[in-house]
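Morning, everyone. Please have a look at the model on the screen, and I'll walk you through some parts of it.

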Amino acid sequence: MPGSLLPILAQLEQLGFYGGVALVVVAAMIGLGLFIASRYKRCPSNKILVVYGSVGGGKSSTTIHGGGRLVLPIIQDYAYLSLEPIQIEVPLKDALSSENIRVNVPSVFTVAIGTEPQLMQNAAIRLLGLNGQAVKKQAEDIIFGQLRQVIASMKIEDINRDREQFLSSIQNSLEPELKKIGLVLINVNITDITDESGYIQAIGQKAASEAVQKARGDVAEQEKLGEIRVVAAERDKLIEVANARREQEIGIREADREKTVRVAELSKEEEFGKQRAMFEQETLVADANRQKRVAVASANAEAYRGEAEADAQVAEAQATLQVKQAEAYERSKTREKEAEAAVLEVQNRAMAKAALAEAEKVEAEQRAKLEAPAKAEKARTIVEAEAAAARKKLEADAEAAANYAKLEAEARGQYEILAKKGEGLREIISACGGSKEAFQMLLLEHLDSLASASAEAISKIKFDKIVVWENGGNGDKSNVSNFLQGMSRTLPPMLQVMRDIGGVELPETLVKMTGTEEAAAGESRLPEQDRPTVKPAEGNGSTTA
């Protein structure tokens with residue numbers, strides 16, 4: 001038994017059962033923490049941590065760059081992918097260009113695993129578990145193929161002259177293929193470009209010859225420019241000397257001119273100062289005289305103003321006195337007039353009151369004279385009106401009584417007449433054998449009167465013609481024939497009544513005309529003068545008879 005556990009066992013014996021349980025729990029927790037810490041994997045900066053197994057999300061692995069992750073036991077495991085750059089020497093030979101010329105392009109490529117999520121995932125899928133040589137071999141194969149493809153699409157002259165474009169084409173063609181396995185292209189170094197046919201060498205010689213010729217031309221140009229610059233320098237020297245001399249002469253002349261001008265200006269200023277001093281002196285003298293005259297005039301004006309104000313005050317005092325005197329006179333006259341008016345008013349009032357009393361006296365006397373006859377006439381009129389009314393009332397009562405007696409007598413007379421007439425009618429009916437016979441007999445007695453009255457009634461009606469409207473008829477009969485047939489059907493009952501009641505017999509011809517169907521058919525047998533004429537009315541389709 002190790003010596004370190006002895007103190008622990010000794011302490012457990014001292015703590016008893018519960019102390020032992022607590023100690024076991026603490027030990028278990030410590031062990032669990034150590035286990036979890038052992039499963040937490042940190043990722044160095046130059047590596048990629050790949051956790052594979054059951055990682056969830058439908059992915060085969062999870063990649064992490066930097067930081068750390070807890071790797072679950074049994075269901076997960078982990079590995080690292082190195083991010084260190086890989087240099088690949090590509091000794092490409094005999095690659096065909098677009099001109100079918102074989103060229104040698106030895107170069108060195110530097111690649112590494114990318115740190116983008118998609119690139120790390122591709123690298124975890126394609127390169128996990130491979131060593132450096134295997135990864136280098138995969139990249140080398142891809143580079144060989146893409147480099148040949150790029151060379152085949154370019155001319156040798158373009159490859160040799162425009163290296164930047166050549167490298168850009170390689171990068172654009174190679175990077176998509178490297179990303180498929182999780183690699184990125186870091187650098188491309190083309191060491192040399194040669195060909196077996198000597199085309200590039202000839203291009204170089206041509207370029208060298210052109211460069212030599214250009215250099216010689218440049219030298220000659222520089223010598224020419226040197227001679228020109230020497231001559232130009234001498235010319236500039238002479239020009240500058242001449243300019244300097246000219247500037248010297250001009251400076252001397254300008255100095256003389258400025259001297260002369262300055263002297264003249266000083267002389268002018270001196271004379272101007274003298275004149276100005278004299279002018280100021282005269283101005284001061286004139287100003288003093290002016291001030292003196294103004295002061296004298298002001299004193300005189302002030303004296304005149306004082307005298308005028310004194311005169312005005314005297315006049316104002318006199319006017320005020322006159323106004324006050326006029327006001328006093330006016331007030332005295334007004335009071336005098338007011339006193340006279342008051343006396344006159346009192347007198348007029350007394351006279352008016354006396355006249356009013358006199359008029360009332362006269363009015364009373366006249367009223368007394370007029371009212372006596374009027375009152376007598378009024379009394380007489382009232383008496384006469386009452387007498388006339390009583391008389392009219394008596395006359396009306398007498399007339400009403402007479403009318404009542406007259407109407408009563410007439411009523412009794414009418415009653416007696418009707419009573420006698422009824423008795424007569426009863427006797428007639430009795431004598432005739434019935435009321436019908438009695439009625440026929442009475443009607444015959446008044447037939448002449450009825451005929452006269454009818455003749456008189458229709459005598460004033462003028463029948464120029466009878467118009468029957470013809471609208472085509474009904475069936476095979478016209479409206480005219482219908483009218484005549486209807487009239488013929490109406491006349492027989494009328495003639496029968498006349499025959500039965502009054503015993504009147506009409507002419508035979510008329511009776512035949514009024515027959516039924518035979519009478520209508522016998523229309524043609526009427527005499528020409530008795531046959532009704534039928535003709536259509538103009539414009540309206542009617543027929544006249």
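**Overall picture, then strand 7 and its surroundings**

Let's start with contacts. Take those in the protein with a separation of 6 or more: 63% of them join residues 24 or more positions apart. One caution before I go on. This is a predicted model.

Now the overall numbers. The protein has 545 residues, and 17% of them count as buried. Its secondary structure comes to 11 helices and 12 strands. The exposed area is about 40700 Å², with carbon and sulfur atoms supplying 58% of it.

Next, strand 7. Find residues 102–113. How many residues of strand 7 are buried? The count is 10 of 12, so the strand is mostly covered.

Which strands pair with strand 7? Let's take them in turn. Strand 6, residues 86–96, pairs with strand 7 in the antiparallel sense over 9 bridges. Within that pairing, look for Ile-86 and Val-111, which stand opposite each other. The two strands form a hairpin, with 5 residues between them. In the turn, Asn-100 has a positive phi of about 60°.

Strand 8 covers residues 183–190. It runs antiparallel to strand 7, and 7 bridges join the two. Then there is strand 9, residues 194–195. Strand 9 also pairs with strand 7 in the antiparallel sense, over 2 bridges. There, Asn-104 stands opposite Thr-194.

One residue of strand 7 deserves a stop: Ser-107. Is Ser-107 buried or exposed? It has a relative accessible area of 4%, so it counts as buried, the cut-off being under 20%. Across in strand 8, Ile-190 stands opposite Ser-107. What does Ser-107 touch? Leaving out residues up to four places away in sequence, its contacts are Ile-88, Glu-89, Val-90, Leu-147, Asn-189, Ile-190 and Thr-191. Ile-88, Glu-89 and Val-90 on that list fall within strand 6, residues 86–96. Leu-147 is there too, and it falls within helix 3, residues 132–152.

**A pocket**

Strand 7 also helps to line a pocket, the second largest one. How much space lies in it? About 250 Å³. The lining consists of 17 residues. Nearest the centre of the pocket are Ser-82, Ile-113, Leu-130, Gly-132 and Val-135.

Which elements supply at least two residues each? Strand 5 (76–82), strand 7 and helix 3. Strand 5 gives the largest share, with 4 residues. As for chemistry, the lining has 12 nonpolar residues, 4 polar and 1 charged.

**Helix 2 and Thr-63**

Move on to helix 2, residues 117–126. Which of its residues are buried? Leu-119, Met-120, Gln-121, Asn-122, Ala-123 and Ala-124. The cover over these buried residues includes strands 2, 3, 5, 7 and 8, along with helix 5. So strand 7 appears again here, as part of that cover.

Strand 3, residues 61–64, is also part of the cover. Thr-63 is found in this strand. Why does Thr-63 count as buried? Because its relative accessible area is 16%, and the cut-off is under 20%. Beyond residues up to four places away in sequence, Thr-63 touches Ile-48, Leu-49, Val-50, Pro-117, Met-120, Gln-121 and Ala-124. Met-120, Gln-121 and Ala-124 from that list are among the buried residues of helix 2. Now look at Val-51. Thr-63 and Val-51 are 12 residues apart in sequence, yet 6.4 Å apart in space, C-alpha to C-alpha.

**Two more positive phi values**

Last, some backbone angles. Ile-74 has a phi near 70°, a positive value in a residue other than glycine. Where is Ile-74? In the loop between strand 4 (68–70) and strand 5. Its relative accessibility is 87%, so it counts as exposed, the cut-off being over 50%.

Asp-94 has a positive phi as well, near 55°, and it too is a residue other than glycine. This one is found in strand 6. Asp-94 counts as partly exposed, because its relative accessibility is 31%, which lies between the 20% and 50% cut-offs.

That's my tour. Over to you for questions.

Note on methods
Residues are numbered from 1 along each chain as its sequence is written. This is a predicted model: local features need pLDDT of at least 70, side-chain atom pairs count only at pLDDT 80 or more; totals for chains, interfaces and linings use all residues. Side-chain values use heavy atoms; hydrogens and water are left out. On a 1 Å grid over the protein atoms alone, a cavity is a set of points where a 1.4 Å probe fits but cannot get out, and a pocket is an open set with protein on both sides within 12 Å along at least five of seven lines; lining residues have an atom within 4 Å of a point. Grid points are joined across faces, edges and corners, and a volume is the space filled by probe spheres set on the points. Ala, Val, Leu, Ile, Met, Phe, Trp, Tyr, Cys and Pro count as nonpolar, Asp, Glu, Lys and Arg as charged, and the others, Gly among them, as polar. Buried means under 20% relative accessible area, exposed over 50%, partly exposed in between (1.4 Å probe, protein chains only). Contact means heavy atoms within 4.5 Å. Two strands pair if DSSP finds at least two bridges between them. Accessible areas come from the Shrake-Rupley method with a 1.4 Å probe; for residues, only the protein chains shown count as cover.
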